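Biologist: I would like to learn how to read a structure like this one. Could you walk me through it, feature by feature?

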Amino acid sequence: MPLPPDQPRTLMPLPPLLHDTALIYGRYLRQSLRSRFALLFGLLMPLLYLLFFGPLLTHLPLGARGSSWQVLVPGLLLQLALFGASFAGFTIIVEKSQGVVERLRVTPAGRLALLLGRVLRDATVLLFQAVLLVLAAVAMGLRAPLPGILIGFAFVTLLAVSLASLSYALAMRVDTPQQFAPVINALTMPSMLLSGLLVPMTLAPAWLDALSRLVPLRYLVDAVRDAYVGSYATAHVLYGALVAVALAALSVTVGTRVFRTAGA
Amino acid sequence: MTIISTAGLARTFHTQHGPVEAVRGIDLTVRPGEILGLLGPNGAGKTTTLRMLTTLLRPTGGAATVAGCDLLADPVGVRRACGYVAQSGGTDPQVTAREELVTQGRLYGLTKAQAVERAEELAREMDLVELLDRRTAALSGGQRRRLDIAMALTHRPKVLFLDEPTTGLDPGSRAGLWDLVRRLRDEHGTTVFLTTHYLDEADALADRLVIVDGGTVAAEGTPGALKRTYGGSPDASLQDAFLAITGRGPAPADTAPVAV
């Protein structure tokens with residue numbers, strides 16, 4: 001072997017965090033792109049709701065401004081992020097058994113980068129799916145202002161980053177899919193029902209409305225619904241943005257802490 | 001002169017059934033360029049020790065330095081100085097060997113071009129050239145193990161940790177791997193710290209053995225010294241010595257490698 005035992009050649013034009021995050025992001029994005037099935041699978045559920053549930057709402061009084069599509073599509077977008085990102089951790093359970101997680105963790109790559117690279121990949125894939133969902137919704141009859149649609153994508157991204165971080169954190173702490181899936185199911189289903197994803201909580205009796213205010217996702221849904229009818233400077237949008245940013249900050253902090261210490 | 005030294009290194013896991021002391025306090029030193037074999041029955045704490053020394057697991061007690069870097073104070077320094085091959089390996093089955101090697105190079109700070117070049121270089125050294133564009137799932141056990149080691153050598157580490165590197169390999173692949181380990185030490189002065197259950201492997205490959213049992217060091221020395229001291233005579237087998245040290249009953253009559 002013609003190798004002098006010299007120092008590793010280091011040349012990093014980017015700050016280490018960005019450099020490492022970009023590397024991990026690239027690795028996992030290529031993983032997603034290898035499977036068109038995986039790339040589109042998450043779309044199935046919201047698309048089915050759009051096709052087979054959406055038309056039921058068109059003549060119902062939903063107690064909201066705008067068309068029924070302007071009420072339903074924001075919910076479906078966040079549903080996409082809710083389920084897509086919450087199950088992201090599955091891949092890390094597989095990678096733990098393959099030894100990939102430890103192999104990456106013995107390199108000098110930053111712990112935050114090991115998390116962020118994966119999380120940003122998930123956000124990218126979910127954003128791509130969200131765009132396809134909105135295009136399908138436009139074909140079904142959705143009409144909404146472009147800034148509102150873009151605000152909706154921003155909320156999808158923030159929710160995806162938050163839930164994917166938490167999902168990876170949980171997955172690092174458990175050993176089997178059997179321990180992981182029930183926890184995720186137990187959290188996602190109530191979140192979906194209690195946040196008024198499918199029909200607004202304004203239709204709910206007072207107790208249910210009050211209960212739903214304990215679920216962070218409720219604030220994001222209300223914010224995107226306002227944005228979809230062109231109301232941007234509202235209390236809903238403000239609270240939604242605050243909750244989404246706070247949730248993302250908290251989740252990434254939890255995720256990084258787990259990635260830093262995990263003896264998984 | 002030592003490249004690895006540990007003092008009272010310990011790890012307690014907290015489980016639902018109470019604390020489990022996987023490693024109770026390991027004291028050992030390794031000299032540069034040494035091939036050290038860590039032996040012990042299942043559950044003795046071998047893998048836990050390795051995972052602590054490679055920064056994967058935080059010790060709950062004691063201290064260690066690896067290549068001059070303190071395990072707790074400078075984990076990044078330790079990571080830069082050592083390579084690690086886990087029992088399970090560490091490659092994604094869907095990814096090609098080349099892509100894994102290039103990614104690995106870039107994780108150690110090489111540019112794209114340098115990483116591509118380094119991947120080729122490693123492939124030549126590890127006899128992987130023909131296999132570079134195969135997905136790792138399509139490699140045989142022996143080929144995949146060579147790839148795992150190539151990945152761990154990407155940054156020319158001073159210390160290479162191998163966790164049961166030949167488990168599951170056929171005899172030819174095992175012999176090839178032994179040659180590779182000796183070559184690494186002879187040509188690059190790489191210190192190799194390996195765990196094994198195969199006593200013939202420990203006998204043939206390691207300069208010195210450390211036998212752990214119940215989370216502490218039960219004995220250490222050259223294979224010859226252990227045979228003399230614990231096996232009763234210089235002609236005793238390493239297995240006699242091992243069984244005497246770990247108190248696992250008399251040696252069976254055959255001399256086949258035994259996974260204890």
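Modeller: Let's look at chain B, from its overall form to its domains and its contacts with chain A. Please keep in mind that this is a predicted model.

Biologist: Gladly! Where do I start: how many helices and strands does chain B have?

Modeller: Counting the elements is a good beginning. Chain B has nine helices and ten strands.

Biologist: And what is the radius of gyration of chain B, compared with a compact globule?

Modeller: The idea is to set the value beside the one expected for the chain length. For 260 residues, a compact globule would have a radius of gyration near 18 Å, and the 19 Å of chain B agrees with that. Along the principal axes, the C-alpha atoms fill a box of roughly 55 × 40 × 40 Å.

Biologist: What share of the residues in chain B is buried?

Modeller: Here we count neighbours: a residue is called buried if 20 or more other C-beta atoms lie within 10 Å of its own. By that count, 50% of the 260 residues in chain B are buried. You can also ask how far apart in sequence the contacting residues are. Among contacts in chain B with a separation of 6 or more, 64% join residues 24 or more positions apart.

Biologist: Which domains does the assignment give for chain B?

Modeller: The assignment gives domain 1 (4-221) and domain 2 (222-252). Their centres, taken over C-alpha atoms, are separated by 26 Å. To see how they meet, look at the contacts: 14 residues of domain 1 of chain B touch twelve residues of domain 2 of chain B. On the domain 1 side, helix 7 (199-205), strand 9 (208-213) and strand 10 (216-221) of chain B each supply at least two residues. Strand 9 of chain B gives the most, with four residues. By class, this side has nine nonpolar, one polar and four charged residues.

Biologist: What does the UniProt annotation say about residues 4-239 of chain B?

Modeller: An annotation is a label from a record, here an unreviewed UniProt entry, which covers that stretch with "domain: ABC transporter". Over residues 4-239, chain B is 37% helix and 27% strand, and the end C-alpha atoms lie 27 Å apart.

Biologist: Finally, how many residues of chain B are in contact with chain A?

Modeller: We can read this interface as we read the domains. 30 residues of chain B are in contact with 26 residues of chain A. Helix 2 (75-81), helix 3 (97-107), helix 4 (112-125) and helix 6 (171-188) of chain B are the elements giving two or more residues to this side. The chain B side divides into nine nonpolar, 13 polar and eight charged residues.

Key. Residues numbered from 1 in each chain as written. Chains lettered and ligands numbered in written order. Predicted model: local features only at pLDDT ≥ 70, side-chain atom pairs only at ≥ 80, totals over all residues. Domains from an automatic or database assignment. Contact = placed C-beta atoms within 7 Å. Nonpolar A, V, L, I, M, F, W, Y, C, P; charged D, E, K, R; others polar. UniProt positions renumbered as here; feature names shortened; annotations may be inferred. Rg over C-alpha atoms; globule rule 2.2 N^0.38 Å. Buried ≥ 20, exposed ≤ 12 C-beta atoms within 10 Å, placed from the backbone.
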